[in-house]
Amino acid sequence: MEQNTFAIQSILRGELPEDELLICLLDTFTDSEAAILRDAAQKKAQETFGNRVYIRGLIEISNYCKNDCYYCGIRRSNKNAVRYRLSKEQILSCCKSGYALGFRTFVLQGGEDGYYTDELMCSVVREIRENYPDCAITLSLGERSRESYKKLYEAGADRYLLRHETADPEHYKKLHPPEMSYENRIKSLYELKEIGFQTGAGFMVGSPGQTAAHLARDLRFLCELQPQMCGIGPFIPHRDTPFGDKAAGTLRTTLFLLSVIRLLLPKVLLPATTALGTIDPKGRELGILHGANVVMPNLSPSEHRADYSLYDNKICTGDEAAECIRCLSLRMRSIGYQIVTDRGDYQA
Ligand code: SAH
(Lines give C-alpha, C1' and ligand atoms only; values in the text may rest on other atoms or scores of the structure.)
Protein backbone atom coordinates (compact mmCIF):
# COMPACT_ATOMS: atom_id res chain seq x y z
CA MET A 1 0.00 0.00 0.00
CA GLU A 2 1.37 3.34 -1.19
CA GLN A 3 0.14 5.18 1.93
CA ASN A 4 1.86 2.81 4.33
CA THR A 5 5.12 3.15 2.42
CA PHE A 6 5.05 6.91 3.03
CA ALA A 7 4.36 6.40 6.71
CA ILE A 8 7.16 3.85 7.03
CA GLN A 9 9.66 6.12 5.27
CA SER A 10 8.85 8.88 7.68
CA ILE A 11 9.25 6.63 10.73
CA LEU A 12 12.57 5.36 9.35
CA ARG A 13 13.72 9.00 9.30
CA GLY A 14 12.65 9.26 12.95
CA GLU A 15 9.69 11.47 12.12
CA LEU A 16 6.09 10.95 13.05
CA PRO A 17 3.88 10.66 9.95
CA GLU A 18 0.83 12.89 9.74
CA ASP A 19 -2.13 11.51 11.66
CA GLU A 20 -4.12 10.01 8.82
CA LEU A 21 -1.13 8.05 7.50
CA LEU A 22 -0.09 6.91 10.96
CA ILE A 23 -3.56 5.67 11.86
CA CYS A 24 -3.81 3.83 8.56
CA LEU A 25 -0.44 2.17 9.15
CA LEU A 26 -1.41 1.12 12.68
CA ASP A 27 -4.68 -0.32 11.35
CA THR A 28 -3.38 -2.16 8.31
CA PHE A 29 0.36 -2.91 8.62
CA THR A 30 1.41 -6.16 6.98
CA ASP A 31 4.00 -8.62 8.27
CA SER A 32 6.52 -7.45 5.69
CA GLU A 33 5.97 -3.81 6.66
CA ALA A 34 6.45 -4.75 10.30
CA ALA A 35 9.67 -6.58 9.37
CA ILE A 36 11.11 -3.43 7.75
CA LEU A 37 10.57 -1.48 10.96
CA ARG A 38 11.83 -4.36 13.13
CA ASP A 39 15.11 -4.57 11.20
CA ALA A 40 15.63 -0.82 11.37
CA ALA A 41 14.70 -0.66 15.07
CA GLN A 42 17.04 -3.52 15.94
CA LYS A 43 19.85 -1.78 14.09
CA LYS A 44 19.06 1.55 15.74
CA ALA A 45 19.15 0.00 19.22
CA GLN A 46 22.47 -1.68 18.43
CA GLU A 47 23.98 1.64 17.34
CA THR A 48 23.46 2.97 20.86
CA PHE A 49 23.58 -0.11 23.07
CA GLY A 50 25.41 -2.74 21.01
CA ASN A 51 24.29 -6.18 22.09
CA ARG A 52 24.03 -5.01 25.69
CA VAL A 53 20.77 -5.33 27.60
CA TYR A 54 20.33 -3.38 30.83
CA ILE A 55 18.74 -5.06 33.84
CA ARG A 56 16.61 -3.36 36.49
CA GLY A 57 15.82 -5.06 39.78
CA LEU A 58 12.10 -4.64 40.35
CA ILE A 59 10.99 -4.48 43.98
CA GLU A 60 7.22 -4.48 44.35
CA ILE A 61 6.96 -2.67 47.66
CA SER A 62 3.19 -2.67 48.21
CA ASN A 63 0.00 -3.86 46.60
CA TYR A 64 -2.23 -1.59 48.67
CA CYS A 65 -3.74 1.02 46.37
CA LYS A 66 -6.18 3.85 46.89
CA ASN A 67 -7.05 3.89 43.19
CA ASP A 68 -9.56 1.78 41.36
CA CYS A 69 -8.27 1.50 37.77
CA TYR A 70 -10.62 -0.80 35.87
CA TYR A 71 -7.79 -2.87 34.40
CA CYS A 72 -5.60 -3.44 37.43
CA GLY A 73 -5.68 -6.47 39.73
CA ILE A 74 -4.55 -4.53 42.80
CA ARG A 75 -7.33 -1.91 42.51
CA ARG A 76 -8.86 -1.04 45.87
CA SER A 77 -12.18 -2.75 45.08
CA ASN A 78 -10.58 -6.14 44.53
CA LYS A 79 -11.50 -7.87 47.77
CA ASN A 80 -9.70 -11.04 46.69
CA ALA A 81 -6.30 -9.39 46.60
CA VAL A 82 -4.10 -10.50 49.51
CA ARG A 83 -2.52 -7.22 50.58
CA TYR A 84 1.06 -6.75 51.76
CA ARG A 85 3.54 -3.95 52.12
CA LEU A 86 7.30 -4.14 52.63
CA SER A 87 9.05 -2.44 55.53
CA LYS A 88 12.11 -0.29 55.01
CA GLU A 89 14.22 -3.19 56.24
CA GLN A 90 12.65 -5.60 53.77
CA ILE A 91 13.22 -3.18 50.88
CA LEU A 92 16.86 -2.74 51.89
CA SER A 93 17.30 -6.48 52.14
CA CYS A 94 15.99 -6.85 48.54
CA CYS A 95 18.56 -4.26 47.44
CA LYS A 96 21.29 -6.16 49.25
CA SER A 97 20.58 -9.43 47.48
CA GLY A 98 20.03 -7.57 44.20
CA TYR A 99 23.39 -5.82 44.47
CA ALA A 100 25.13 -9.16 45.00
CA LEU A 101 23.43 -10.46 41.85
CA GLY A 102 24.79 -7.55 39.81
CA PHE A 103 21.88 -5.11 39.79
CA ARG A 104 22.87 -1.44 39.65
CA THR A 105 19.33 -0.09 39.29
CA PHE A 106 16.59 -0.70 41.82
CA VAL A 107 13.01 0.02 40.82
CA LEU A 108 10.65 0.50 43.76
CA GLN A 109 7.13 0.05 42.44
CA GLY A 110 3.82 -0.10 44.19
CA GLY A 111 0.20 0.84 44.37
CA GLU A 112 -0.65 4.31 45.66
CA ASP A 113 -0.29 3.42 49.31
CA GLY A 114 -0.56 6.27 51.84
CA TYR A 115 1.61 4.30 54.26
CA TYR A 116 4.64 5.49 52.30
CA THR A 117 4.64 9.11 53.38
CA ASP A 118 7.27 11.48 52.01
CA GLU A 119 9.12 11.10 55.27
CA LEU A 120 9.29 7.31 55.09
CA MET A 121 9.94 7.15 51.35
CA CYS A 122 12.70 9.76 51.53
CA SER A 123 14.38 7.87 54.34
CA VAL A 124 14.24 4.64 52.29
CA VAL A 125 15.72 6.44 49.28
CA ARG A 126 18.42 8.12 51.38
CA GLU A 127 19.49 4.84 52.88
CA ILE A 128 19.68 3.06 49.51
CA ARG A 129 21.63 6.06 48.20
CA GLU A 130 24.10 5.81 51.10
CA ASN A 131 24.53 2.05 50.94
CA TYR A 132 24.76 1.84 47.16
CA PRO A 133 26.24 5.08 45.82
CA ASP A 134 26.94 3.41 42.47
CA CYS A 135 23.30 2.42 41.89
CA ALA A 136 20.39 4.20 40.26
CA ILE A 137 17.14 4.46 42.20
CA THR A 138 13.93 4.40 40.20
CA LEU A 139 10.52 5.04 41.75
CA SER A 140 7.17 3.98 40.35
CA LEU A 141 4.68 4.93 43.04
CA GLY A 142 1.96 6.65 41.03
CA GLU A 143 0.82 10.22 41.34
CA ARG A 144 2.16 12.35 44.19
CA SER A 145 2.43 16.10 44.64
CA ARG A 146 5.13 18.17 42.98
CA GLU A 147 6.65 18.81 46.42
CA SER A 148 6.74 15.11 47.07
CA TYR A 149 8.52 14.37 43.75
CA LYS A 150 10.99 17.12 44.58
CA LYS A 151 11.75 15.75 48.05
CA LEU A 152 12.26 12.26 46.65
CA TYR A 153 14.61 13.62 44.00
CA GLU A 154 16.56 15.53 46.60
CA ALA A 155 16.74 12.42 48.77
CA GLY A 156 18.58 10.74 45.91
CA ALA A 157 16.08 9.12 43.54
CA ASP A 158 17.20 9.34 39.90
CA ARG A 159 14.30 8.11 37.82
CA TYR A 160 10.51 7.93 37.98
CA LEU A 161 8.22 5.71 35.96
CA LEU A 162 4.66 6.88 35.49
CA ARG A 163 2.94 5.45 32.46
CA HIS A 164 0.45 7.88 30.99
CA GLU A 165 -1.73 4.80 30.16
CA THR A 166 -3.47 6.59 27.26
CA ALA A 167 -2.97 10.04 25.78
CA ASP A 168 -6.64 10.41 24.90
CA PRO A 169 -8.73 12.03 27.68
CA GLU A 170 -11.94 10.24 26.61
CA HIS A 171 -10.20 6.88 26.51
CA TYR A 172 -8.62 7.67 29.88
CA LYS A 173 -12.16 7.94 31.31
CA LYS A 174 -13.00 4.47 30.02
CA LEU A 175 -10.03 2.98 31.86
CA HIS A 176 -10.32 4.90 35.13
CA PRO A 177 -13.03 5.91 37.60
CA PRO A 178 -14.27 9.54 37.55
CA GLU A 179 -12.14 10.64 40.50
CA MET A 180 -8.96 10.01 38.53
CA SER A 181 -7.72 12.74 36.25
CA TYR A 182 -5.97 12.54 32.91
CA GLU A 183 -4.78 16.12 33.34
CA ASN A 184 -3.10 15.34 36.65
CA ARG A 185 -1.33 12.31 35.22
CA ILE A 186 0.10 14.35 32.35
CA LYS A 187 0.95 17.27 34.63
CA SER A 188 2.90 14.88 36.88
CA LEU A 189 4.98 13.69 33.94
CA TYR A 190 6.01 17.23 33.01
CA GLU A 191 6.76 18.04 36.67
CA LEU A 192 8.94 14.96 37.05
CA LYS A 193 10.92 15.89 33.96
CA GLU A 194 11.29 19.47 35.07
CA ILE A 195 12.54 18.44 38.53
CA GLY A 196 15.29 16.48 36.84
CA PHE A 197 14.15 12.87 37.01
CA GLN A 198 14.88 10.58 34.10
CA THR A 199 11.20 10.14 33.43
CA GLY A 200 9.29 7.20 32.02
CA ALA A 201 5.92 7.35 30.31
CA GLY A 202 4.11 4.52 28.55
CA PHE A 203 0.87 2.72 27.91
CA MET A 204 -0.81 -0.63 27.60
CA VAL A 205 -1.31 -2.05 24.12
CA GLY A 206 -4.79 -3.35 23.40
CA SER A 207 -6.45 -1.89 26.48
CA PRO A 208 -10.25 -2.04 26.23
CA GLY A 209 -11.65 0.54 23.82
CA GLN A 210 -8.24 1.41 22.37
CA THR A 211 -8.21 2.26 18.65
CA ALA A 212 -5.44 3.02 16.18
CA ALA A 213 -6.32 6.70 16.60
CA HIS A 214 -5.59 6.40 20.34
CA LEU A 215 -2.25 4.74 19.66
CA ALA A 216 -1.39 7.52 17.21
CA ARG A 217 -2.06 10.00 20.03
CA ASP A 218 0.12 7.99 22.38
CA LEU A 219 2.99 8.18 19.89
CA ARG A 220 2.43 11.89 19.34
CA PHE A 221 2.44 12.45 23.09
CA LEU A 222 5.72 10.54 23.49
CA CYS A 223 7.33 12.66 20.77
CA GLU A 224 6.21 15.79 22.56
CA LEU A 225 7.21 14.73 26.10
CA GLN A 226 10.52 13.15 24.99
CA PRO A 227 10.71 10.82 28.00
CA GLN A 228 14.00 9.11 28.86
CA MET A 229 12.17 5.80 29.39
CA CYS A 230 9.07 4.27 27.90
CA GLY A 231 7.21 1.23 29.23
CA ILE A 232 4.76 -0.49 26.95
CA GLY A 233 3.26 -3.94 27.23
CA PRO A 234 0.08 -5.73 26.29
CA PHE A 235 -3.04 -5.26 28.39
CA ILE A 236 -3.81 -8.61 30.04
CA PRO A 237 -7.14 -9.12 31.81
CA HIS A 238 -7.28 -9.85 35.52
CA ARG A 239 -10.23 -11.99 36.54
CA ASP A 240 -11.24 -9.87 39.53
CA THR A 241 -11.56 -6.58 37.64
CA PRO A 242 -14.31 -5.02 35.53
CA PHE A 243 -12.20 -5.90 32.47
CA GLY A 244 -11.86 -9.54 33.48
CA ASP A 245 -13.53 -10.82 30.31
CA LYS A 246 -11.85 -8.44 27.83
CA ALA A 247 -9.34 -9.66 25.27
CA ALA A 248 -5.62 -9.21 25.87
CA GLY A 249 -3.46 -7.00 23.66
CA THR A 250 -1.52 -8.84 20.98
CA LEU A 251 2.12 -9.74 20.63
CA ARG A 252 2.09 -8.50 17.04
CA THR A 253 0.92 -4.97 17.79
CA THR A 254 3.13 -4.64 20.88
CA LEU A 255 6.24 -5.63 18.92
CA PHE A 256 5.29 -3.27 16.10
CA LEU A 257 4.94 -0.39 18.55
CA LEU A 258 8.27 -1.20 20.22
CA SER A 259 9.94 -0.84 16.82
CA VAL A 260 8.16 2.42 16.05
CA ILE A 261 9.06 3.88 19.46
CA ARG A 262 12.73 2.89 19.07
CA LEU A 263 12.85 4.69 15.71
CA LEU A 264 11.06 7.81 16.93
CA LEU A 265 13.04 8.02 20.20
CA PRO A 266 16.40 6.42 19.33
CA LYS A 267 18.00 6.76 22.78
CA VAL A 268 14.97 5.93 24.91
CA LEU A 269 15.34 3.21 27.55
CA LEU A 270 12.75 0.70 26.41
CA PRO A 271 11.96 -2.45 28.38
CA ALA A 272 10.80 -5.78 27.04
CA THR A 273 8.20 -6.09 29.79
CA THR A 274 7.04 -8.96 31.97
CA ALA A 275 3.58 -8.60 30.41
CA LEU A 276 5.14 -9.24 27.00
CA GLY A 277 6.82 -12.34 28.41
CA THR A 278 3.48 -13.41 29.84
CA ILE A 279 1.49 -13.38 26.59
CA ASP A 280 4.20 -15.25 24.70
CA PRO A 281 6.93 -17.59 25.96
CA LYS A 282 9.47 -15.77 23.77
CA GLY A 283 7.94 -12.33 24.26
CA ARG A 284 10.92 -10.69 25.94
CA GLU A 285 13.43 -12.06 23.42
CA LEU A 286 11.21 -10.82 20.62
CA GLY A 287 10.90 -7.47 22.34
CA ILE A 288 14.69 -7.05 22.34
CA LEU A 289 14.85 -8.04 18.66
CA HIS A 290 12.24 -5.35 17.92
CA GLY A 291 14.24 -2.54 19.52
CA ALA A 292 13.86 -2.89 23.30
CA ASN A 293 17.06 -2.69 25.41
CA VAL A 294 16.01 -3.29 29.03
CA VAL A 295 14.62 -6.21 31.05
CA MET A 296 13.31 -5.98 34.58
CA PRO A 297 13.68 -9.17 36.62
CA ASN A 298 11.82 -9.38 39.87
CA LEU A 299 13.64 -8.86 43.18
CA SER A 300 10.57 -8.88 45.42
CA PRO A 301 10.54 -11.33 48.34
CA SER A 302 9.24 -14.64 46.97
CA GLU A 303 6.52 -14.91 49.62
CA HIS A 304 4.77 -11.83 48.18
CA ARG A 305 5.48 -12.29 44.48
CA ALA A 306 2.15 -13.85 43.59
CA ASP A 307 0.23 -11.15 45.46
CA TYR A 308 1.50 -8.35 43.24
CA SER A 309 -0.95 -9.51 40.63
CA LEU A 310 -1.78 -6.77 38.14
CA TYR A 311 -3.03 -9.29 35.57
CA ASP A 312 -3.60 -13.04 35.32
CA ASN A 313 -0.87 -15.64 34.70
CA LYS A 314 2.04 -13.29 35.39
CA ILE A 315 5.32 -15.14 34.84
CA CYS A 316 8.19 -15.68 37.31
CA THR A 317 5.99 -15.40 40.40
CA GLY A 318 7.49 -18.57 41.83
CA ASP A 319 11.17 -17.94 41.11
CA GLU A 320 13.95 -16.63 43.29
CA ALA A 321 15.70 -13.50 42.00
CA ALA A 322 18.86 -15.46 41.28
CA GLU A 323 16.87 -17.88 39.14
CA CYS A 324 15.19 -15.03 37.26
CA ILE A 325 18.46 -13.46 36.32
CA ARG A 326 20.03 -16.76 35.27
CA CYS A 327 17.01 -17.52 33.10
CA LEU A 328 17.06 -14.07 31.53
CA SER A 329 20.81 -14.22 30.86
CA LEU A 330 20.31 -17.46 28.98
CA ARG A 331 17.36 -16.06 27.08
CA MET A 332 19.34 -13.00 26.03
CA ARG A 333 22.36 -15.09 25.09
CA SER A 334 20.15 -17.31 22.93
CA ILE A 335 19.48 -14.31 20.68
CA GLY A 336 23.04 -12.94 20.72
CA TYR A 337 22.61 -10.34 23.46
CA GLN A 338 24.15 -10.03 26.89
CA ILE A 339 22.91 -8.72 30.20
CA VAL A 340 25.22 -6.10 31.70
CA THR A 341 25.93 -4.80 35.19
CA ASP A 342 25.60 -1.10 34.55
CA ARG A 343 23.41 1.72 35.82
CA GLY A 344 22.29 2.12 32.24
CA ASP A 345 21.47 5.82 32.43
CA TYR A 346 19.88 7.72 29.59
CA GLN A 347 22.56 9.20 27.31
CA ALA A 348 21.35 12.34 25.60
N1 SAH B 1 0.81 2.62 40.91
C2 SAH B 1 1.90 2.88 39.99
C3 SAH B 1 2.44 1.60 39.37
C4 SAH B 1 1.42 0.92 38.54
S5 SAH B 1 1.76 -0.74 38.08
C6 SAH B 1 1.41 3.86 38.94
O7 SAH B 1 0.27 4.29 39.02
O8 SAH B 1 2.19 4.24 38.07
C9 SAH B 1 2.68 -0.48 36.59
C10 SAH B 1 1.91 -0.59 35.29
O11 SAH B 1 1.30 -1.86 35.12
C12 SAH B 1 0.75 0.36 35.11
O13 SAH B 1 1.21 1.64 34.79
C14 SAH B 1 -0.06 -0.29 33.99
O15 SAH B 1 0.26 0.26 32.72
C16 SAH B 1 0.38 -1.75 34.06
N17 SAH B 1 -0.79 -2.62 34.28
C18 SAH B 1 -1.72 -2.53 35.24
N19 SAH B 1 -2.69 -3.45 35.04
C20 SAH B 1 -2.37 -4.11 33.91
C21 SAH B 1 -3.00 -5.16 33.17
N22 SAH B 1 -4.16 -5.68 33.55
N23 SAH B 1 -2.37 -5.60 32.06
C24 SAH B 1 -1.19 -5.08 31.67
N25 SAH B 1 -0.57 -4.09 32.32
C26 SAH B 1 -1.16 -3.61 33.43
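**Chat about the ligand site and helix H4**

Visitor: Hi! How far is an oxygen atom of the ligand from an N or O atom in the side chain of Arg163?

Guide: That distance is 2.9 Å. A polar contact here is a pair of N or O atoms within 3.5 Å. This is a predicted model, where local features need pLDDT of at least 70, side-chain atom pairs count only at pLDDT 80 or more, and totals for chains, interfaces and linings use all residues. Residues are numbered from 1 along each chain as its sequence is written, and side-chain values use heavy atoms, with hydrogens and water left out.

Visitor: And what about the side chain of Arg185?

Guide: An N or O atom there is 3.1 Å from an oxygen atom of the ligand.

Visitor: Which polar backbone atom is 3.4 Å from a nitrogen atom of the ligand?

Guide: One that belongs to Leu310.

Visitor: How much of the ligand's accessible area does the protein cover?

Guide: On its own the ligand has 560 Å² of accessible area (Shrake-Rupley method, 1.4 Å probe), and the protein covers 91% of that.

Visitor: How many residues surround the ligand?

Guide: There are 18, counting those with a heavy atom within 4 Å. Tyr71, Gly110, Arg163, Glu165 and Ile236 are the closest.

Visitor: New topic: which residues of H4 are buried?

Guide: Ile91, Leu92, Cys94, Cys95 and Gly98 are buried, meaning under 20% relative accessible area with a 1.4 Å probe and protein chains only. They sit on the same side of H4 because they cover an arc of only 155° around the axis, taken from the directions to the C-beta atoms.

Visitor: What's on the other side of H4?

Guide: Glu89, Lys96 and Ala100, which are exposed (over 50%).

Terms used:
Polar contact = N/O pair within 3.5 Å; in protein donor to acceptor, adjacent residues only side chain to side chain. Helix = DSSP H or I, 4+ residues; strand = E, 2+ residues; numbered from the N terminus.
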